[in-house]
Amino acid sequence: MAAEKLRDLSQPIDVAVLDATVAAFFVTGSKEERAAADQILRDLQANPDMWLQVVHILQNTKSMDTKFFALQVLEGVIKYRWNALPVEQRDGMKNYISEVIVQLSSNEASFRSERLYVNKLNVILVQIVKHDWPAKWTSFIPDLVAAAKTSETICENCMIILKLLSEEVFDFSRGEMTQQKIKELKHEFKLIHELCLYVLSASQRQDLIRSTLSALHAYLSWIPLGYIFESPLLETLLKFFPVPAYRNLTLQCLTEVAALNFGDFYNAQYIKMYTIFIGQLQTILPPNTNIPEAYSNGSGEEEAFIQNLALFFTSFFKFHIRVLESTPEFVTLLLAGLEYLINISYVDDTEVFKVCLDYWNLLVSELFDAHHNSDNPAATVNLMGLQMSFAPGMVDGLGSKVMQRRQLYSNPMSKLRGLMINRMAKPEEVLIVEDENGNIVRETMKDNDVLVQYKIMRETLIYLSHLDHDDTEKQMLRKLNKQLSGEEWAWNNLNTLCWAIGSISGSMAEDQENRFLVMVIRDLLNLCEITKGKDNKAVIASNIMYVVGQYPRFLRAHWKFLKTVVNKLFEFMHETHPGVQDMACDTFLKIVQKCKRKFVIVQVGETEPFVSELLSGLATTVQDLEPHQIHSFYESVGSMIQAESDPQKRDEYLQRLMALPNQKWAEIIGQARQSVEFLKDPDVIRTVLNILQTNTSAATSLGTFFLSQISLIFMDMLNVYRMYSELVSTSITNGGPYASKTSFVKLLRYKATMLDDVPNIFEAVFQCTLEMITKNFEDYPEHRLKFFSLLRAIATFCFPALIKLSSQQLKLVMDSIIWAFRHTERNIAETGLNLLLEMLKNFQHSAFCNQFFRSYFVQIEQEIFAVLTDTFHKPGFKLHVLVLQHLFCLAESGALTEPLWDVATVPHPYPNNAVFVREYTIKLLSSSFPNMTAAEVTQFVNRLYESRNDPSEFKKNIRDFLVQSKEFSAQDNKDLYAEEAAAQREQERQRMLSIPGLVAPNEIQDEMRGAMSPREVCEGLGLFDLKNRKWHIQGTCALRGDGLYEGLDWLSSTLKDVKAAGFTSVVKQLSHKNQNL
């Protein structure tokens, strides 16, 4: 009965019954009563006329819960229906809300006792203002300011409303406001500014002043600069800064002012503000204060003060540091501010450190760029790692200013190096961490925030290293000595030091890096020997592995160190402490990939190559490793063997490497021949999987050199695969794990040698795998990718075998390719599209060109347009365009001599294939996009044909069509510009490559691949046999500039020596050889 009475809104609602219902839901009701009350309240909220009862409810209820329910109803109407309401209803509601707010806030007692209710009414009012102001409620700000002047409590609430207005209206539409409305609202800003200034000057009420400062902070980025700098506002704020109750709010306002940057017009005011601020700060927070300790022991307000202080300094320095630099009398104040910021950077708070780190990165990159881009050649050479003295007269003009600025910052930058070393974040390669209980464990999950922080810190330290290599080296070696002596021994201290040492790899000149690394690795190895305790040794081992893995250039140049390090890694592979073995295997792989040639040549003092020695003790080395670690180890040794140029030795090494898995494989196949049921045993499945993965790991490194090994197991492998795949296909409902879950198709990427085996592969792999992966788009994701990778390898290297397939088999291949690029999973879709491109190109140049394209041209075009215009397939845009461009060029080229249309069903033949494709495309798109006119579609297709030979224009036309067709909105089209974004990333990478060390040596893949070391060049040219000749081989990289100056220096000094000795003929001979080079 009560429920029906409430639901009848034809008369004023019974507030008492509503109070009881709300109370039943929130407070007093049983489970059943609460459910019934919930349903009634939901029905009331859903009733479109319920909002008309809001005023009646608010006037008659005493229940705060009921008031909030009524306001919730009103909030929904304002959000979704406000503009559709009659004007008189809208005006009536906003006048009522305004009156209630004024009534409650005019009285101190009601304002405090009903603060939550007033706050909710404020929110409702601002929601209305979002719709009506300024166009429909032009007097809102003047009315609010006028009301504020009637009472201090009303004024306090008005400040709260102004702050809400800024957050909801101004910040929400920041881009639009800065472009269109600021000039129109200048009068409102003036009123707000005057009100705030008046309150701060006249009021003694603490809550009102705090609310005013809070509101002012919200508007400072909008108020015209004249209101800030040409009024007493800054002086007023600085008067409040020393007062503890207002300190944080004032500092937030000053930070907002510091972040404003509109040229040099107000430089004098900024200097005055900073000067007064620093003077006050030195009284509040004396320079000798231990800020990290004060932060950890401080109250919430004190912590917030340090956080706000970091924001102020970083904002001010980011935009105005040059002003302080340029005036000698203010340099001391600048250095004092930097000292504060460095001390704040030691605070143990992630967010505070992020704020500081972002600024330090900006500052040091700016200081470095000033040197790097300077016209002063001496400065540039110095930054490339060559510590050269300046020639007389070179440090003038711009170079002089650069050096003066560098000198100005030399002390803060030295302290900053210490900060970066002490707080270096953990790199991704480090797997051993300290848990919350103080135990050393293997990391289970990567922290992306830490990885981002490491990247920024590494870049910052690289710049700092370039600015002063000697200071960087001295600080690191000094801290390492303190680890050895025990003065600063601690896990965290050693970790951050070694992470910092690893992070600057490549930034020093080679000679300095060699000297530095010899001392570092020697001290770390000594530390490992003298330190006791399993956890301690695990930490040291982790750091040794990380450091040596970051310096491949050093290891390549020092065989004895390289051998010592690798043997140490083999020791760590027997250490069962969590994470040590994984990190040892990862580091071994990284080192081998960069130094593989060193392991296959007989080094001085050795009787056999290291790889041969390794293979002799292979079983012992891997005996304590887990299967996944053994796979990594086999990939590493495969890289070594791949570097051997002698085919006979290479095959011998491969045979020795695979002896253990081949022996086990032979045993399994032997027993399987007696009973195939043997292969269904779970332990046998795991062993088969393990052997196949071991082969895959070695094949990944060896490529086609793996052929001799795969020939031994190939046919047995196909039979085993077919048996397991059929088993999976028939047992999917049982969900059993089988070896086929991990595909071995990587093993099959070989060239023409495999041509005769392709039919066998199809028979054993193709049909049974398709049955597994075509039931949906989710199951067996790894299997899918490897399957399509196999198809692409066959299309690329064994295409003649595809031509020999029957029409039914080829159709199966094409259907599977279409299935692949329909995937929304990027890797699979892109693999399918790349495979399709390979097929199109190969068939175009084959004798079966007409036959293939007559069967598949139209289907391919239709399917590509289908996925191209589907927003779920945005990442494949580049490849979709390439396929369409290939098809359109083919249709126009004349390469197709037979019609693409069905002659039997088309009554009126087309003059040529180009006309047919053009008309077919227009029909296809017109039917797919009824929102576009026939003229728009025709124009688009014509533009495609006209631009078919211009890849950039062709892509642009398709991109414009997708946006025009509404399939891609202007706000959601970043994937359409993926190539441009990739080009920008590549440009940034090239910039980074030009700065030694900024790209870690292990991340530099292709630039130095296959390059010989200077020693290998000397050995190859027989230079060691030359007597009575001056010669020098200098390792260089033209892309990064490594070694260029060293080589030119040697040539210059040698020519001078020869000339001084009077051997003019030799000088000419040397010059002539240099020209030839």
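This report covers two buried helix residues, two aromatic pairs and two charges over rings in a predicted model. Local features need pLDDT of at least 70, side-chain atom pairs count only at pLDDT 80 or more, and totals for chains, interfaces and linings use all residues. Residues are numbered from 1 along each chain as its sequence is written, and side-chain values use heavy atoms, without hydrogens and water.

Asn-248 belongs to helix H16 (residues 247-258); helices are DSSP runs of H or I of at least four residues, numbered from the N terminus. Asn-248 is buried because its relative accessibility is 10%, where buried means under 20% relative accessible area (1.4 Å probe, protein chains only). Beyond four places in sequence, Asn-248 touches Glu-301, Ala-304, Phe-305 and Asn-308, contact being heavy atoms within 4.5 Å.

Val-352, in helix H21 (residues 350-372), is buried at 3% relative accessible area. The C-alpha atoms of Val-352 and Gln-307 are 5.8 Å apart, although 45 residues separate them along the chain.

The structure holds 40 aromatic pairs, meaning rings of Phe, Tyr and Trp (its six-membered ring) with centres within 6.5 Å; planes under 30 degrees apart are stacked, over 60 edge-to-face and the rest tilted. Two edge-to-face pairs are tabulated.

| Pair | Centre distance | Plane angle |
|---|---|---|
| Trp-559 and Phe-610 | 6.0 Å | 75° |
| Phe-570 and Phe-588 | 5.3 Å | 75° |

Phe-570 in helix H31 and Phe-588 in helix H32 (residues 580-595) are 18 residues apart. Phe-588 is buried, with a relative accessible area of 0%.

The charged end of Lys-94 sits over the ring of Trp-137, 4.8 Å from its centre; this requires NZ of Lys or CZ of Arg within 6 Å of the ring centre and within 35 degrees of the ring normal. Arg-423 lies over the face of Phe-353, 4.2 Å from the ring centre.

Note on methods:
Helices (H or I, at least four residues) and strands (E, at least two) are DSSP runs, numbered from the N terminus. Buried means under 20% relative accessible area, exposed over 50%, partly exposed in between (1.4 Å probe, protein chains only).
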